[in-house]
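Subject: Structure handover

Hi,

Here is the structure I promised to pass on. Have a look at it first, and then read my notes below.

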Amino acid sequence: MDDLFSLHGRSALVTGGSRGLGRTIAAGFLARGCRVYISSRKAAVCEATARELAALGPCVALPADVGTLEGIHALRDAYAAHEGSLDILVNNAGAAWGEPFDSFPEAGWDKVVDTNLKAPFFVTQAFAGLLRAAASAERPAKVIHIASIDGLSVNPLETYSYAASKAGLVHLTRRMALRLAAENIVVSAIAPGAFASDMNRAARDHADEVAARIPARRIGRADDIVGAAVYLASRAGDYVVGETLVVDGGVTHAR
């Protein structure tokens with residue numbers, strides 16, 4: 001079982017890895033023996049997080065804005081200066097925007113869709129050569145998109161571009177998985193529910209109130225998201241192709 005879930009000797013890149021679920025996943029990968037690179041827009045925060053996570057294992061900060069093609073290519077080049085291949089890519093960087101229908105702005109659409117839907121495609125495209133260099137039939141390379149349950153069922157909040165982008169990411173996962181499976185690159189996704197983070201302030205600041213609406217009667221814990229990510233990234237998840245793993249305590253079924 002240790003071998004089945006081991007990430008020993010593998011390399012991983014986690015976008016949006018300086019905080020929230022990205023940081024949690026990065027820490028979990030380090031604990032399983034992985035070399036981890038984290039990226040985020042804010043260089044100082046990214047570098048501070050990498051220094052803290054280095055207590056768990058090799059962790060390097062690669063600040064970049066994956067909301068632009070220029071930023072994506074800069075990230076690839078920075079990573080390639082350290083490694084000649086990439087075993088695990090986690091497309092976690094995300095954005096949200098909430099505003100009533102009648103006043104919802106174009107900026108709130110473009111920023112969110114560019115980060116949540118466009119970036120996972122073009123980051124994967126940019127890193128395809130490095131993923132192919134790591135991939136084999138015995139040990140596929142992995143791409144894990146971080147989607148959301150809001151892309152699977154309707155949240156009453158007026159977060160139009162967020163919901164649409166995450167729904168698109170779920171389907172994009174299937175399409176990319178079919179294309180890349182033949183090259184021993186396995187693409188899958190995770191759809192988290194309520195986890196405390198800066199993006200999900202309700203779960204962070206009002207955990208008991210949010211938990212009351214969840215069938216499992218609690219919000220997500222770090223181990224819940226780490227378990228899902230390690231499963232998909234390791235040998236255990238090699239045969240899970242194009243699927244979106246829902247980690248939400250039953251919320252999606254209750255909506």
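Let me start with the aromatic rings: Y37, Y79 and F127 are linked into a cluster by ring pairs. Before you go further, do keep in mind that this is a predicted model.

Across the structure there are five aromatic pairs. Take Y37 and Y79: their ring centres sit 4.9 Å apart and the planes are at 75°, so this pair is edge-to-face. Y37 belongs to strand β2 (residues 35-39) and Y79 to helix α3 (residues 69-80), so the pair ties together parts that are 42 residues apart in sequence. Both Y37 and Y79 are buried.

Another pair to look up is F104 with Y160. Here the ring centres are 5.7 Å apart with planes at 85°, so F104 and Y160 are edge-to-face. You'll find F104 in the loop between β4 (88-91) and α4, while Y160 is in helix α6, so this pair ties together parts that are 56 residues apart in sequence. Are these two buried or exposed? F104 counts as buried because its relative accessibility is 18%, which falls under the 20% cut-off. Y160, with a relative accessible area of 32%, is partly exposed.

Next, the empty space. The general idea is that rolling a probe the size of a water molecule over the atoms shows where such space is left. Searching the whole structure turned up one cavity of 30 Å³ or more. The largest cavity holds about 30 Å³ of space. Its lining is made up of T15, V66, N91, N92, A93, T115, A119, P120 and V123. Which helix gives the largest share of that lining? It's α4, with four residues. Sorted by class, the lining of the largest cavity has five nonpolar residues, four polar ones and no charged ones.

There is also a pocket I'd like you to see, the second largest one, with a volume of about 190 Å³. The residues around it are F121, T124, Q125, A128, L131, R132, L172, R175, M176, R179, L180 and I185. Three helices each supply at least two residues of this lining: α4 (106-126), α5 (128-134) and α6 (160-180). The largest share comes from α6, which gives five residues. By class, the lining of the second largest pocket has seven nonpolar, two polar and three charged residues. So that you can place it quickly, select α6 and look for R175, M176 and R179, which are among the lining residues.

Last, the cysteines. As a reminder, a disulfide is a covalent bond between the sulfur atoms of two cysteines. How many disulfides does a search of the whole structure find? Zero. Why is C34 not in one? The closest cysteine sulfur to that of C34 belongs to C59 and is 10 Å away, which is too far for a bond. C34 is buried, with a relative accessible area of 1%. C59 is in no disulfide either, and the nearest cysteine sulfur to it, that of C46, is 8.0 Å away. With a relative accessible area of 12%, C59 is buried too.

That's the tour. If you open the model with one thing in mind, begin with the cluster of Y37, Y79 and F127, then move on to the cavity and the pocket.

Cheers

How values were computed:
Residues are numbered from 1 along each chain as its sequence is written. This is a predicted model: local features need pLDDT of at least 70, side-chain atom pairs count only at pLDDT 80 or more; totals for chains, interfaces and linings use all residues. Side-chain values use heavy atoms; hydrogens and water are left out. On a 1 Å grid over the protein atoms alone, a cavity is a set of points where a 1.4 Å probe fits but cannot get out, and a pocket is an open set with protein on both sides within 12 Å along at least five of seven lines; lining residues have an atom within 4 Å of a point. Grid points are joined across faces, edges and corners, and a volume is the space filled by probe spheres set on the points. Ala, Val, Leu, Ile, Met, Phe, Trp, Tyr, Cys and Pro count as nonpolar, Asp, Glu, Lys and Arg as charged, and the others, Gly among them, as polar. Rings of Phe, Tyr and Trp (its six-membered ring) pair if their centres lie within 6.5 Å; planes under 30 degrees apart count as stacked, over 60 as edge-to-face and the rest as tilted. Buried means under 20% relative accessible area, exposed over 50%, partly exposed in between (1.4 Å probe, protein chains only). A disulfide is a pair of cysteine sulfur atoms within 2.5 Å.
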